[in-house]
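Student: Could you take me on a close look at the buried interior of this protein, and then show me how the rest is arranged around it? I would like one connected walk-through rather than a list.

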Amino acid sequence: QVNFNQKMDYVFKIVLIGDSAVGKSQLLARFSRNKFSLDSKATIGVEFQTKTFVIDYKTIKAQSWDTAGQNEAQWAMLVYDITKRQSFDHIAKWLEELREHADSNIVIMLVGNKSDLGTLRAVSSKDAKKFAQKENLFSMETSALESTNVESAFFSVRTEIYRIVS
Ligand code: GDP
Ligand code: MG
């Protein structure tokens, strides 16, 4: 149980899962360093980031993995590219794998990235919302390039984790 008079550190692990090139690394880069790169290379192995969140009296260190460590993660972002239908169609598979291997209390958010490329959209917001609702996931569209909703997506972790630990 959490004692609110005590300053506590929590380490929360976040994993980003999804097809290659949907923008997992750039979402992390934007969130943790406010950086973005157009010629980002595919991640090999584990991408690891640490971000400290402050929740009232508590300090939370959120460690983010780009692709690995899902069995220990408390939070997962299932990322697809709104311009690549296939990356959305694969989400069900990623979700299945996640539910099989991750902690049963894991909080999962569906993230449609590259919302700046609206003219090339291949996945409607409606389809995404419908899927998220059916699977009981949070959902959001982001742009790592334009910095749209990136903070919101990561900071909703804070709200949800606060609910869980308090
Ligand atoms: P990952 O394989 O999922 O980690 O994908 P990356 O983060 O490496 O991104 C793949 C490519 O998509 C790179 O060329 C990025 O610059 C680009 N990219 C990532 N996020 C966005 C975005 O929000 N908008 C646009 N237009 N391109 C993006
Ligand atoms: Mg990557």
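Tutor: Let's begin with valine 15, which counts as buried because it has 26 C-beta neighbours inside 10 Å, where 20 or more are enough for that label. Please keep in mind that this is a predicted model. Valine 15 is found in strand 1, and a good partner to look at next is alanine 76, which lies in strand 4. Along the sequence these two are 61 residues apart, yet their C-alpha atoms are 4.8 Å apart in space. Alanine 76 also counts as buried, because 26 C-beta neighbours fall inside 10 Å of it. For contrast, take valine 15 and arginine 121: they are 106 residues apart along the chain, and 25 Å separates their C-alpha atoms.

Alanine 76 leads us straight into the core. The largest nonpolar core has 32 residues, and those touching the most other members are Ile17, Ala76, Met77, Leu78 and Val79. Two or more residues each come from strand 1 (9-17), helix 1, strand 4 (75-81), helix 3 (91-101), strand 5 (107-113) and helix 5 (150-165). Strand 4 gives the largest share, six residues. This fits a general pattern: in soluble globular proteins, nonpolar side chains tend to be buried together.

Leucine 78 is a nice place to stand and look around. Leaving out residues up to four places away in sequence, leucine 78 touches Ile17, Gly18, Ile91, Trp94, Leu95, Ile108, Leu110 and Val111. One of those, leucine 110, stands opposite serine 139 in strand 6. That pair belongs to a wider arrangement, for strand 5 and strand 6 (residues 138-141) run parallel and are joined by four bridges. Together with helix 4 (residues 125-135), strands 5 and 6 make a right-handed β-α-β unit.

The loops of this unit hold two residues worth comparing. Lysine 114 lies in the loop between strand 5 and helix 4, and its phi is near 75°, a positive value in a residue other than glycine. Asparagine 136 sits in the loop between helix 4 and strand 6, with a phi near 60°, again positive in a residue other than glycine. Which of them is buried and which is exposed? Lysine 114 is buried, because 26 other C-beta atoms lie within 10 Å. Asparagine 136 is exposed, because it has 7 other C-beta atoms within 10 Å, and 12 or fewer is the limit for that class.

Now come back to helix 1, one of the contributors to the core. Helix 1 is mostly covered, with eight of its 10 residues buried. Those eight are Lys24, Ser25, Gln26, Leu27, Leu28, Ala29, Arg30 and Phe31, so when you view this helix, expect charged and polar residues as well as nonpolar ones among the buried set. Just after helix 1, asparagine 34 takes a positive phi of about 50°.

Helix 1 also brings us to the ligand. Ligand 1 is surrounded by 19 residues, of which the closest are Gly23, Lys24, Ser25, Gln26 and Ser40. Helix 1 (residues 24-33) supplies the largest share of that shell, three residues. By class, the shell has seven nonpolar, nine polar and three charged residues. Lys24, Ser25 and Gln26 are therefore worth picking out on your screen, as they appear among the closest residues to ligand 1 and also among the buried residues of helix 1.

For an exposed spot on another core contributor, turn to serine 152, whose place is in helix 5. Serine 152 counts as exposed because it has 10 C-beta neighbours inside 10 Å. Its C-alpha atom is separated by 9.0 Å from that of threonine 142, 10 residues away along the chain.

Finally, let's step back to the whole chain. The protein has five helices and six strands, and along the sequence they follow the pattern β-α-β-β-β-α-α-β-α-β-α. Buried residues make up 36% of its 166 residues. Among contacts between residues at least 6 apart in sequence, 69% join residues at least 24 apart. The pairing you started from, valine 15 with alanine 76, spans 61 residues in sequence.

Technical notes: Residues are numbered from 1 along each chain as its sequence is written. Chains are lettered from A and ligands numbered from 1 in the order in which they are written. This is a predicted model: local features need pLDDT of at least 70, side-chain atom pairs count only at pLDDT 80 or more; totals for chains, interfaces and linings use all residues. A residue is near a molecule or strand if its C-beta atom, placed from the backbone, lies within 6 Å of it. A nonpolar core is a set of buried Ala, Val, Leu, Ile, Met, Phe, Trp, Tyr and Cys residues joined through C-beta atoms within 7 Å. Two residues are in contact if their C-beta atoms, placed from the backbone, lie within 7 Å. Two strands pair if DSSP finds at least two bridges between them. A crossover is right-handed if, with the strands pointing away from the viewer, the path from the first strand over the helix to the second runs clockwise.
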